[in-house]
Amino acid sequence: MAPFTAPDNRIPIERTGPHPALPRIGVVLGGGALKGMAHIGALRALREAGIRPHLYAGSSIGAMIAAAAASGRSPAELEERAQGFRRRDLFRINHMGMLMERMLARAIYLEAPLRALTEELVADCTFDQLQTPLLVTAVDLERGTPLVFGRPGFRDVRVRDAVYASCALPGFFPPGVVGDRTCIDGGTMDNLPAGIAALDVDAIIAVDVGIADVPLVRGVAEQGFASIFMRAATMMMHEMQQATLETWTTPPMLLVRPRVSHIGWFSFGHVQELLQLGYDAMRRALPHLLDTLSAPGGIFPREAMQIRVDRERCTGCGLCVARYPELLQLDTDGKAVPCVTVQEFSPRESDVGRCCPVDAITVGPIEARDAVAERLSQSA
């Protein structure tokens, strides 16, 4: 794949308006296993645009890369490490534990490789000692409560311990101990921790690499425990994350979603592609940053889109109306119809179509429909 290309211009963030001349921008990196390599490309695009985050926040692999950036690692350094990343750097089967402890084994894979990777990328310090504020999510396994390391009361812990815990996917890696708490993957409860990051910034740039959508995948049930578990986890995290985005108000958010749904969670053969996809997605989004900063709230970029319902496919089950009553309703024939045909959508509304179990609902640009109508009229 071709190397990254430099942008033609820097994104001017100095402005006068509802935010300070130099707005405090928080960069939030979501979980997504190895798809998180796309975060590195996204960070490179931000660096080239001259944007220096006021704060980083992350969950799971997003926590790892956010912590590396907050530790002073440049996107170029992270890119070089990613290109040399191999399966043995992360996964080594816990043979002895599986043999001797069986059902009591804490995880399929050993802790040591993930610990070593964390120590390689993340500074050996506490959150208080970082120059750039950092938030790392995890879940207290015993209490069943979310944790955000880096917030008041949770700063005097080793960043490396918090990052390992945030990446400790249940069943795959042993839980991590942070202070006196036993913790697991932050994505279990908050895979895109924009809400907590929003407390200290004027705007959010959030990068979602894992669960923007849940594409059709056939044969999952025959692919073993890991595939079934990750498919279920994807669906659960997607629903939790979507609920957060659907109720988002302030501060304004630039939501960046690299097109990575076709790549597996633990696919090691797509690193260069992921780097490029993250870079390209951020470059497409950055021209909308000034609109984002000018707004009092909401999610950007925004685009006028058309909701379409295939009446032949629609069964009238009503799931779409229950989920999106502001967008869809049932007509007198019991079929779904849009409340308003054309809507101004942000990336969060991309989920509307998949609420239909028979694929009767689609959302697309208005231009696409107009082009089709024009071609039909010309052919007539």
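**Notebook: cavity, pocket, rings and helix α6**

I began with the largest cavity, whose lining divides into twelve nonpolar residues, three polar and no charged. The model I am reading is a predicted one. I noted a volume of about 80 Å³ for this largest cavity. Its lining holds 15 residues, and I recorded C314, C317, C320, A336 and C356 as those nearest its centre. How many cavities of 30 Å³ or more does the count give? I found one.

**Entry: the chain as a whole**

I looked up the overall make-up next. The protein chain has twelve helices and 14 strands. Of its 380 residues, 51% are buried. I then considered contacts between residues at least 6 apart in sequence: 76% of these join residues at least 24 apart.

**Entry: the second largest pocket**

I turned to the second largest pocket, with a volume of about 590 Å³. I counted 36 lining residues; A33, S60, I61, C167 and D185 lie nearest the centre of this pocket. The elements giving two or more residues to the lining are α1 (37–48), α2 (61–70), α3 (75–83), α5 (112–121) and α8 (225–246). Which element supplies the largest share of this lining? I recorded α8, with seven residues. By class, I noted 29 nonpolar, five polar and two charged residues in the lining of the second largest pocket.

**Entry: aromatic pairs**

I next searched for paired rings. A pair of aromatic rings is described by the distance of the centres and the angle of the planes. The count comes to two aromatic pairs.

The rings of F85 and F268 have centres 5.7 Å apart and planes at 20°. I therefore entered the pair as stacked, the angle being under the 30 degrees that this class requires. The two residues are 183 apart in the chain, and the pair links distant parts of it. F85 lies in the loop between α3 and α4 (95–100), while F268 lies in the loop between β8 (253–256) and α9 (271–285). I also checked the accessibility of F85: its relative accessible area is 7%, so F85 counts as buried.

The other pair that I entered is F149 with F154, whose ring centres are 6.2 Å apart. Their planes stand at 80°, so I classed this pair as edge-to-face. Is each partner buried or partly exposed? F149 is buried, at a relative accessible area of 1%, whereas F154 is partly exposed, at 25%.

**Entry: helix α6, R160 and R115**

I then examined helix α6, residues 159–167, and found it mostly covered. Nine of its nine residues are buried: V159, R160, D161, A162, V163, Y164, A165, S166 and C167. C167 also appeared in my pocket entry, among the residues nearest the centre of the second largest pocket.

I looked more closely at R160, which is placed in helix α6. Why does R160 count as buried? Its relative accessibility is 16%, and the limit for burial is 20%, so R160 falls under it. Leaving aside neighbours within four places in sequence, I listed the contacts of R160 as R115, T118, E119, V122, A123 and D124.

R115, one of these contacts of R160, led me to a further arrangement. The charged end of R115 sits over the ring of Y164, at 4.2 Å from the centre of that ring. Y164 is itself one of the buried residues of α6. I closed the entry with R115 thus recorded twice: in contact with R160, and over the ring of Y164.

Terms used: Residues are numbered from 1 along each chain as its sequence is written. This is a predicted model: local features need pLDDT of at least 70, side-chain atom pairs count only at pLDDT 80 or more; totals for chains, interfaces and linings use all residues. Side-chain values use heavy atoms; hydrogens and water are left out. On a 1 Å grid over the protein atoms alone, a cavity is a set of points where a 1.4 Å probe fits but cannot get out, and a pocket is an open set with protein on both sides within 12 Å along at least five of seven lines; lining residues have an atom within 4 Å of a point. Grid points are joined across faces, edges and corners, and a volume is the space filled by probe spheres set on the points. Helices (H or I, at least four residues) and strands (E, at least two) are DSSP runs, numbered from the N terminus. Ala, Val, Leu, Ile, Met, Phe, Trp, Tyr, Cys and Pro count as nonpolar, Asp, Glu, Lys and Arg as charged, and the others, Gly among them, as polar. Rings of Phe, Tyr and Trp (its six-membered ring) pair if their centres lie within 6.5 Å; planes under 30 degrees apart count as stacked, over 60 as edge-to-face and the rest as tilted. Buried means under 20% relative accessible area, exposed over 50%, partly exposed in between (1.4 Å probe, protein chains only). A charge sits over a ring if NZ of Lys or CZ of Arg is within 6 Å of the ring centre and within 35 degrees of the ring normal. Contact means heavy atoms within 4.5 Å.
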